[in-house]
Amino acid sequence: MRATEDSSIVAFLSGAGRDARGRSFEDILAFSDREIEVHHDFIQWLFPLETPSAAVPGSPVLTPEDIDQIRQSDVCRANLVRAAERMARFYEENDHWLVPFDHNHRRITRIIHSLWLLVGQEEAEKFLKHIEARVRDSGAKVSETSRRFWRNAIG
């Protein structure tokens, strides 16, 4: 399925478009862990939602048409899975987010909900289980509030 002219987020997720800063999907997937940590305006493009971002005004907001197009696109869904795998590696290889509260906890909530909305429950649960195992195995004291948000992001 090809993205429509007026859907920048579908074009981006299909690999045919660019984000607001001119980066492609592949550019962002190639970010180093440091770049992932210091840039705060990419996660809304990799994992869009149907609600506006409070953290990055002007980032994409999914329309019902966008959601339908992404769900029907094998390329978009595969790219979302690839993005989730990259973020899972980031969380596996870094410990700084394993604290009671961190901006990455909000990112995790977004990732889980976006996967649930656009790819399906199985992928959302897979990511959630990976994150929960990482927290458990590390012995980190991640807040119950963050963990509840993660669980509630499915559905």
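Which residues does Phe-47 touch, not counting residues up to four places away in sequence? They are Leu-80, Ala-83, Ala-84, Met-87, Arg-110, Ile-111, Ser-114 and Leu-115, where contact means heavy atoms within 4.5 Å. This is a predicted model, so local features need pLDDT of at least 70 and side-chain atom pairs count only at pLDDT 80 or more, while totals for chains, interfaces and linings use all residues. Residues are numbered from 1 along each chain as its sequence is written, and side-chain values use heavy atoms, with hydrogens and water left out.

**The nonpolar core**
- The largest nonpolar core (buried Ala, Val, Leu, Ile, Met, Phe, Trp, Tyr and Cys residues joined through side-chain atoms within 4.5 Å) has 43 residues.
- Phe-47, Met-87, Tyr-91, Ile-112, Phe-127 and Trp-150 have the most contacts inside this core.
- Elements giving two or more residues to this core include helix 1 (8-14), helix 7 (103-118) and helix 8 (121-138); helices here are DSSP runs of H or I with at least four residues, numbered from the N terminus.

**Helix 6**
- Helix 6 gives the most to this core, with eight residues.
- Among its buried residues (under 20% relative accessible area, 1.4 Å probe, protein chains only) are Leu-80, Ala-83, Ala-84 and Met-87.
- The 20 residues of helix 6 should span 28 Å at 1.5 Å a residue, and its end C-alpha atoms, 29 Å apart, agree with that; the expected span is 1.5 Å times one less than the number of residues.

**Ser-59**
- Ser-59 sits in the loop between helix 4 and helix 5 and is buried, with a relative accessible area of 10%.
- Its side chain reaches the backbone oxygen of Val-56 at 2.7 Å.
- Leaving aside neighbours within four places in sequence, Ser-59 is in contact with Gln-44 and Ser-53.

Note on methods. Buried means under 20% relative accessible area, exposed over 50%, partly exposed in between (1.4 Å probe, protein chains only). A polar contact is a pair of N or O atoms within 3.5 Å; within protein, one must be able to donate a hydrogen and the other to accept it, and residues adjacent in sequence count only if both atoms are side-chain atoms.
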